[in-house]
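This report describes one protein chain through its charged pairs, its nonpolar core and its helix packing. Please keep the structure open while reading.

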Amino acid sequence: MRIWSIHPKYLDWMGLGAQWREALLAQVVVQGKTKGWRNHPQLNRFKEHPEPLRAVGFYLHEIYKESQRRSYNYNFSKILRPVDLVEKIELNKGQIEYEFELLQGRLKERRPEKYSENLKVEEIQPHPLFTLRPGPPERWEKSYWREQENQGE
């Protein structure tokens, strides 16, 4: 599971569709209606929010808006709490930098045109749910921390 912290505009059509599905799953998880994924570290951001379902609703609503901008037909009625405003979640700037690099690695192979478009990005924007603070990738970003630990050996 990958709940991207970067703005959905950077995703290609496959990534945006996958993000929609993953966020819908997150919605089910924060409702407590599934046994799987309950302890996934990326979902803790939603679960620790003062209003978890509204936070997921805001997250999904932003993905929906991006889908509309691209003339895709996502089902808005699947968002249980589609809100336009919610308390933002703090996120380390290193997280969106890490995610953008991870995305670019994927896009270089599967969608070179989107990869090239993203090369023009000067300042990476987070998903509107997040507000940035200085810092490295978040501790829950296991792939990053494993890599850092291996480099230190």
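Does R69 count as buried or exposed? At a relative accessibility of 56%, R69 counts as exposed, because the cut-off for that class is over 50%. The model is a predicted one, and every value below is computed from it.

**Salt bridges**

The number of salt bridges comes to 11. Three of them are listed here, each with the distance between the closest N and O atoms.

| Salt bridge | Closest N and O atoms |
|---|---|
| E99 and R2 | 3.8 Å |
| R69 and E66 | 2.6 Å |
| E97 and K93 | 3.8 Å |

The pair of R69 and E66 sits inside helix α3, which covers residues 52–69; the partners are 3 residues apart, or about one turn of the helix. Their surroundings can be compared through accessibility. R69 is exposed at 56%, whereas E66, at 5% relative accessibility, counts as buried. The relevant limit is 20%: E66 has a value of 5% and is therefore classed as buried.

E97 and K93 belong to helix α4 and are 4 residues apart, so about one helical turn separates them. E97 counts as partly exposed at 39% relative accessibility. K93 has a relative accessible area of 39% and is likewise partly exposed. The class follows because 39% falls between the 20% and 50% limits.

The pair of E99 and R2 links distant parts of the chain. E99 is in helix α4, while R2 is in the segment before α1 (13–30), and their positions lie 97 residues apart in the count along the chain. Both partners are buried.

**The network around E99 and E141**

Which residue joins R2 and E99 in a network of salt bridges? The third member is E141. E141 is placed in the loop between β2 (130–133) and α6 (142–151). With 3% relative accessibility, E141 counts as buried. Leaving out residues up to four places away in sequence, E141 touches R2, Q95, Y98 and E99.

E99, found in helix α4, has 0% relative accessibility and so counts as buried. Its contacts, apart from neighbours within four places in sequence, are R2, I3, W4, S5, I6, W140 and E141. The list thus includes both R2 and E141, the other members of the network, because each has heavy atoms within 4.5 Å of E99.

**The nonpolar core**

In soluble globular proteins, nonpolar side chains tend to be buried together. In this model the largest nonpolar core has 37 residues, and I6, W20, F46, Y59 and L129 touch the most other members. Elements that each supply at least two residues of this core are α1, α3, β1 (89–92) and α4. Helix α3 gives the most, with 8 residues.

I6 also appears among the contacts of E99. Apart from neighbours within four places in sequence, I6 is in contact with I96, E99, F100, L103, I124, Q125, P126 and H127.

**Packing of α4 and α5**

At what angle do α4 and α5 pack? Helix α4 (residues 93–110) and helix α5 (residues 112–119) pack at about 140 degrees, and their axes are 6 Å apart. The two helices are therefore oblique to each other, since the roughly antiparallel class requires angles over 145 degrees. On the α4 side the contact is made by F100, L103, Q104, L107, K108, E109 and R110. On the α5 side it is made by P112, K114, Y115, N118 and L119. Sorted by class, this contact has 6 nonpolar, 2 polar and 4 charged residues. F100 and L103 of this contact are also among the residues that I6 touches.

**Two loop residues**

S71 is in the loop between α3 and β1. Its phi is near 65 degrees, a positive value in a residue other than glycine. At 66% relative accessibility, S71 counts as exposed.

N39 lies in the loop between α1 and α2 (44–47) and, with 68% relative accessibility, counts as exposed. From N39 to P134 the C-alpha to C-alpha distance is 26 Å, and the two are 95 residues apart in sequence.

Key: Residues numbered from 1 in each chain as written. Predicted model: local features only at pLDDT ≥ 70, side-chain atom pairs only at ≥ 80, totals over all residues. Heavy atoms only, no water. Axes fitted to C-alpha atoms, helices over the stretch in contact; angles between N-to-C directions. Parallel < 35°, antiparallel > 145°, perpendicular 65-115°, else oblique. Nonpolar A, V, L, I, M, F, W, Y, C, P; charged D, E, K, R; others polar. Buried < 20%, exposed > 50% of the residue type's maximum accessible area, 1.4 Å probe, protein only. Salt bridge = Lys/Arg side-chain N within 4 Å of Asp/Glu carboxyl O. Core = buried A, V, L, I, M, F, W, Y, C linked by side-chain atoms within 4.5 Å.
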